[in-house]
Amino acid sequence: MDNMESTEYMVEQFERGIINEYMQMDRFGVYVDNNGYIYLSDMYVKEQYRGSGVGGSVMVRLCEFADTNGLDIRCIPSSDDDGGGDERLLRFYGRYGFLVVREYGGSVMEMVRKSCGKR
């Protein structure tokens, strides 16, 4: 198993662990993209659990995993909320060190969190 396959396997196992542990999650998806980033593709907390800290707990775990393995995280966050959801998402991801690296227009943006761990 080469390094990329090993990293993909670790990320896949991490994703399964989160899905199994956090039943409050509606969707959670991560994978390793072509540039070697962890790509956070889905993170939705079930509506009745929003505001309870579940998303923050999952994000802390994701950041710890990324730092331990020396991986950066990339995402294009989106909100199903029409009332200030994008600003809320910017604040949420900003708490975990994500920065906007590209704006595509409207409220679509790419965010990246650089690893604090060793590669």
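**Exercise 1. Work out what share of the chain is buried, and how compact the chain is.**

Solution.
Step 1. Of the 119 residues in the chain, 40% count as buried. The model is a predicted one. Buried here means under 20% relative accessible area.
Step 2. Count the elements: the chain has three helices and five strands. Along the sequence they follow the pattern α-β-β-α-β-α-β-β.
Step 3. Now compare sizes. The radius of gyration is 14 Å, close to the 14 Å that the globule rule gives for 119 residues, so the chain is as compact as a globular protein of that length.
Step 4. Add the dimensions. The C-alpha trace spans about 45 × 30 × 20 Å along its principal axes.

**Exercise 2. Find the strands that pair with E2, and give the sense of each pairing.**

Solution.
Step 1. Start with strand E1, residues 25-32. Seven bridges join E1 to E2, and the two run antiparallel. One pair to locate: Gly 29 has Asp 42 in E2 as its bridge partner.
Step 2. Look at the hairpin of E1 and E2. Five residues lie between the strands, and Gly 36 takes a positive phi near 85 degrees.
Step 3. Move to strand E3, residues 73-75. E2 and E3 pair in the parallel sense over three bridges. Here Ile 38 stands opposite Ile 73 in E3.

**Exercise 3. Describe the unit that holds E2, H2 and E3, and say how covered E2 is.**

Solution.
Step 1. Trace E2, then helix H2 (residues 54-68), then E3. Together they make a right-handed β-α-β unit.
Step 2. Check the cover on E2, residues 38-45. Six of its eight residues are buried, and the strand is mostly covered.

Technical notes
Residues numbered from 1 in each chain as written. Predicted model: local features only at pLDDT ≥ 70, side-chain atom pairs only at ≥ 80, totals over all residues. Heavy atoms only, no water. Buried < 20%, exposed > 50% of the residue type's maximum accessible area, 1.4 Å probe, protein only. Helix = DSSP H or I, 4+ residues; strand = E, 2+ residues; numbered from the N terminus. Pairing = 2+ DSSP bridges. Right-handed = clockwise from strand over helix to strand, strands pointing away. Rg over C-alpha atoms; globule rule 2.2 N^0.38 Å.
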